[in-house]
Amino acid sequence: MDMEKVTTEQQLSRWAQLIQNRLESGQSIKEFCRTNGVSKATYYYWQKKVSEAKCTVVEEVKEPKIEVPSGWMQLGN
């Protein structure tokens, strides 16, 4: 695995945790940024990256199709 990918994944993981902590604390984004010494642009950048990464993970996980054999009755019938 190349080092750049590892670093990005580590940053995504770190920011995902920071964003979750901010949400749970009830802090505004402005407060969070001031407290943590980051710009709002940086916060929004990583919020978008974390969101995109979550969507990618969800797309990669595919539920197996469950086929119901013909002749089985549906519940409630």
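Helices (H or I, at least four residues) and strands (E, at least two) are DSSP runs, numbered from the N terminus.

**Figure 1. Overview of the predicted model and its elements.** The protein holds three helices and zero strands, and from the N terminus on its elements run α-α-α. This is a predicted model, in which local features need pLDDT of at least 70 and side-chain atom pairs count only at pLDDT 80 or more, while totals for chains, interfaces and linings use all residues. Residues are numbered from 1 along each chain as its sequence is written, and side-chain values use heavy atoms, with hydrogens and water left out. The mean pLDDT (the predictor's confidence in each residue, from 0 to 100) is 81 for the protein, and 70% of its residues reach 70 or more. Among the elements, H2 has the highest mean pLDDT, 94, and H3 the lowest, 84.

**Figure 2. Close-up of helix H1 and the residue that follows it.** H1 has 23 residues and reaches 33 Å from its first C-alpha to its last, close to the 33 Å expected at 1.5 Å a residue, where the expected span is 1.5 Å times one less than the number of residues. Leu12, Trp15, Ile19 and Arg22 of H1 are buried; buried means under 20% relative accessible area, exposed over 50%, and partly exposed in between (1.4 Å probe, protein chains only). Just after H1, Gly26 takes a positive phi of about 80°.

**Figure 3. Close-up of the largest nonpolar core.** A nonpolar core is a set of buried Ala, Val, Leu, Ile, Met, Phe, Trp, Tyr and Cys residues joined through side-chain atoms within 4.5 Å. The largest one has nine residues, namely Leu12, Trp15, Ile19, Ile29, Phe32, Cys33, Tyr43, Trp46 and Val50. Two or more residues of this core come from each of helix H1 (3-25), helix H2 (29-36) and helix H3 (40-60). In soluble globular proteins, nonpolar side chains tend to be buried together.

**Figure 4. Close-up of the two sides of helix H2.** Ile29, Phe32 and Cys33 are the buried residues shown in H2, and they lie on the same side of H2 because they cover an arc of only 95° around the axis, the arc being that of the directions from the helix axis to the C-beta atoms. On the other side of H2, Lys30, Arg34 and Thr35 are exposed. Leaving aside its neighbours within four places in sequence, Ile29 is in contact (heavy atoms within 4.5 Å) with Arg22, Lys40, Tyr43 and Tyr44. Just after H2, Gly37 takes a positive phi of about 65°.

**Figure 5. Close-up of Ser39 and Lys49.** Ser39 lies in the loop between H2 and H3 and is partly exposed, with a relative accessible area of 37%. From C-alpha to C-alpha, Ser39 and Ile29 are 9.7 Å apart in space, with their positions 10 residues apart in sequence counted as their separation. Lys49 has its place in helix H3 and is likewise partly exposed, with a relative accessible area of 32%. Lys49 and Ala16 are 33 residues apart in sequence and 9.2 Å apart in space, C-alpha to C-alpha.
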